[in-house]
Amino acid sequence: MSNVVASGAEESCPVALSELCLAQVCLSLDSLCRTQPDGSLRLSWAPLLPQEMADQLLHKMAAQGTLNDRTVGIFRSCEQLRLRRACVRSSPLSAEAFRLALCPHRLQELDASGVPGGLTGAHILSGLASNPECRASLQRLTLSRLQLGWTSLEVKEEQVGFSSLQGLRTLNLANTDLTDPFLEDICTLPQLEVLDISSTPVTELSALLGCRLTLRSLTAHGLRQLDMSPARVISILSQLHALRHLDLSDDRFVSGDEAVRLLLEGGSGILPALVSLDVSGRKKVTEGAVTAFVEGRRGLLFLGLLATGAGSCDVLSGKNNLKVAGEANEKQICESLRRYRERECFTREALVHLYQLTNDMYDQTRPDILKLVLGGMQNYSKSLHVQLVASACVFNLTNQDMAVGMPHPLLSAVVHQVLEAMRSFPSHQQLQKNCLLVLCSDTILQDVPFDRFEAAKLVMNWLSGHVDRTLQRMAVAVISILVAKLSTEQTTQLGADIFIMKQLLGIVQQKAMAGVVDSTLKFALSALWNLTDETPTASRHFIQCQGLELYEEVLETYSSESSIQQKVLGLLNNIAEVEELQADMMQEDLLEHVVTLLQGPQVEVGVSYFAGGVLAHLTSRQDAWTLDQGLRQTILEQLHAAILTWALPEREMVSYRSFRPFFSLLQTSQPAGVQLWAVWAMHLVCTQNGVQYCHMLQVEGAVELLKTLSSDLDTHSNVRGMAESILGMVERHQTTSNPLRTQTEKGHHGRS
């Protein structure tokens, strides 16, 4: 038996069939492959896959973290799996595995950025150059965040350089140990159009003149070891006649740069064909310089001004075709988040300004902005600074009713990242607070699909170290709703941790000692009620933690609070259902409290109902009754009389995962009072939700028990009448075509 919590539709994001198939292949590689003597895998059988599908499979394996020396072996079958656009990003591969699996293919693109495990740029270059077809076919190569290992290359492969890959058009070596000699080699490539040398130790840019007729895009972000005069830098850049995109930004937020000033103020004679310039992070860029630069280039399409202080130039507002990454307004901030996905410092800077902006976003549903924030969280999941400000932005964008209009797949992905942040930074109080604030949303808790079991554990862990009353209330509310949404198996697993029981009981005791009636107490009681629902282990922990004694005190303290009494008695029902724990409840004082709540002018039917459930279970086993038999008989008579006075409540007050705990109460040998409570309970839920519960009666075999009870000559007339009424409802639901029946049959019959 569990507390009723409003349910929501569990939506899932539509996924392409090809994506589902590729994901399944990634999960099933062991069963689809045979292991070779060297430990690598080969597909046992494979059709000739479309070339694009082979690329997608490799990318999926890299994205899911399943690509390694063993699994990459399937791509040695070049005939079945033909690669053209290969991505092994952040995948642990050795030089030998890379050479054997990827280098035989006629690659056009390769992304090997951030690959750990000893694979260097030298290994990659040597392997690619060993394939004559690759030398000509490879057009795009990304080796960012990789140790290039030039020393070993120079010793072993003196004749091999980037210039051996004559087809290269795009080369990304950002955040590598690129040196001046190899930059010279690169700039001899006859078709090089796009070059990224950001955050490398190059000291000279003169080599760029070697590709001045072909280079269209140069990204030179954060070149901190550059040893050239500003005038010389501008002189070289001005000779790159094909250049259309130039990035001279710096995430150190340096106080001005003479080369940037010369470029901005140098007039339209310097790089007149530029359509994109990024100088974000260059402090003290003047509005006058920006104005002069923009006015001299009518074809300008992008300008990066984040953290420069120059984003408010009047000239920018009049350029409809000009996109600006900055912080002056919403449009600029969003552009910054889109442009700087690969730059943590800029992402954080943009999020800080977005947070200030979203403080004033009331009643605006902005999934477009939330999606940008999510991207930052995903890209920098291990960055405390990014997660801290991003989680604050998420709260502002989903607070109150703003989450209602958000797409559920988007919210699901956001909650996943929020939980990841809670896991990654368990001791950072402000981040945990931000994440908790995000979770404390009715829309998210009720309607959005996410790992509620993991969320419940994380929030419980957080709760153990914090006593802030406001946050405690929210945490307990979140836990209460989450537990009500778990499956029986998950609830059992959560209830197996006695620490959780102690935490929740501690909150109840704290409130009861002060005599406080507030939402924190009610949520804690609801959480305990749901935690013990059909979970004998949690029920046992409740007793071990002196829960019975505490709940008896609660009944005394809150003798006029029906909402408290109902939650207390609901949990005691769960305990009473567990036969081996019934002996612990054989306490006259406790039973006296329960009996007084059976009936009376001031007692609500919800309270009486749960009091009756406790007494029905405890009196159902005469051989286990250890108190005076006369007391048992008196309780049975009072129970029977009380049930006859109950009126059906207008609102739903209880839900059941299963009717099986009732089976022992429906036996013909049971006292009439016990039987009557069980059939009244069944009649209640079948009346309020016939589609679900009439079907449950049939599936679980309760219909046969009711028929036996109805036909037995010794069955009390009150019991027989109620049983026949239930059977009539079941029959009507059988013969009535109901479109909801199919949905009910497919779903699990847990709490609502």
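The exercises below work through a predicted model of one protein chain, each with a solution in steps.

**Exercise 1. Overall form of the chain**

Task: Determine how many helices and strands the chain has, and decide whether it is spread out or compact by the globule rule.

Solution: Begin with the secondary structure, which comes to 35 helices and 12 strands. Next, compare the radius of gyration with the value from the globule rule: the chain has 35 Å, whereas the rule gives 27 Å for 752 residues. The computed value is well over that of the rule, so the chain is more spread out than a compact globule. Finally, turn to the box that the C-alpha atoms fill along the principal axes, which is roughly 105 × 60 × 45 Å.

**Exercise 2. Burial, contacts, surface and charge**

Task: Describe what share of the residues is buried, what share of the contacts joins residues at least 24 apart, and what the chain exposes.

Solution: Of the 752 residues, 53% count as buried. For the contacts, consider those between residues at least 6 apart in sequence; among these, 71% join residues at least 24 apart. The exposed area of the chain is about 31,800 Å², and carbon and sulfur atoms supply 48% of it. As a last step, take the charges: there are 62 positive and 80 negative ones, and their mean positions lie 9 Å apart.

**Exercise 3. The surroundings of helix α18**

Task: Work out how many residues of helix α18 are buried, and which elements cover them.

Solution: Helix α18 spans residues 429–439, and eight of its 11 residues are buried, so the helix is largely enclosed by the rest of the structure. The buried residues can then be named: they are Leu431, Gln432, Asn434, Cys435, Leu436, Leu437, Val438 and Leu439. To complete the picture, look at what lies over these residues; the cover includes α16 (384–398) and α17 (408–424), together with α19 (442–447), α20 (452–463) and α21 (469–484).

**Exercise 4. Two residues in the covering helices**

Task: For Arg452 and Arg473, find in which helix each residue lies and whether each is buried or partly exposed.

Solution: Arg452 is placed in helix α20, and with a relative accessibility of 7% it counts as buried, because the cut-off for burial is under 20%. Arg473 belongs to helix α21, and its relative accessibility of 33% makes it partly exposed. Beyond four places in sequence, Arg473 touches Ser519, Thr520 and Phe523. Distances across the chain can then be added: the C-alpha atoms of Arg452 and Leu226, which are 226 residues apart along the chain, are separated by 51 Å, while those of Arg473 and Leu110, 363 residues apart, are separated by 52 Å.

**Exercise 5. Thr715 and Gln667, two loop residues that contact Leu709**

Task: Locate Thr715 and Gln667, and state which residues each one contacts beyond four places in sequence.

Solution: Thr715 sits in the loop between α33 (702–711) and α34 (717–735), and it is buried, with a relative accessible area of 7%. Its contacts, leaving aside neighbours within four places in sequence, are Leu709 and Arg720. For Leu709 there is further detail, in that the side chain of Thr715 reaches the backbone oxygen of Leu709 at 2.6 Å.

Gln667 is in the loop between α30 (629–643) and α31 (672–688), and it counts as partly exposed at 35% relative accessibility. Not counting residues up to four places away, Gln667 touches Gln675, Leu705 and Leu709. One of these, Leu705, is 38 residues from Gln667 along the chain, and their C-alpha atoms are separated by 7.4 Å.

**Exercise 6. Positive phi angles outside glycine**

Task: Find where Glu534 and Gln546 lie, and give the phi of each.

Solution: Glu534 is in the loop between α24 (519–531) and α25 (536–544), and although it is not a glycine, its phi is positive, at about 55 degrees. The relative accessible area of Glu534 is 26%, which makes it partly exposed. Gln546 lies in the loop between α25 and α26 (547–557), and it too is a residue other than glycine with a positive phi, near 60 degrees.

Note on methods: Residues numbered from 1 in each chain as written. Predicted model: local features only at pLDDT ≥ 70, side-chain atom pairs only at ≥ 80, totals over all residues. Heavy atoms only, no water. Helix = DSSP H or I, 4+ residues; strand = E, 2+ residues; numbered from the N terminus. Rg over C-alpha atoms; globule rule 2.2 N^0.38 Å. Buried < 20%, exposed > 50% of the residue type's maximum accessible area, 1.4 Å probe, protein only. Contact = heavy atoms within 4.5 Å. Areas by Shrake-Rupley, 256 points an atom, 1.4 Å probe, with all protein chains shown as cover. Lys, Arg positive; Asp, Glu negative; His and termini not counted. Charge placed at Lys NZ, Arg CZ, Asp CG, Glu CD. Polar contact = N/O pair within 3.5 Å; in protein donor to acceptor, adjacent residues only side chain to side chain.
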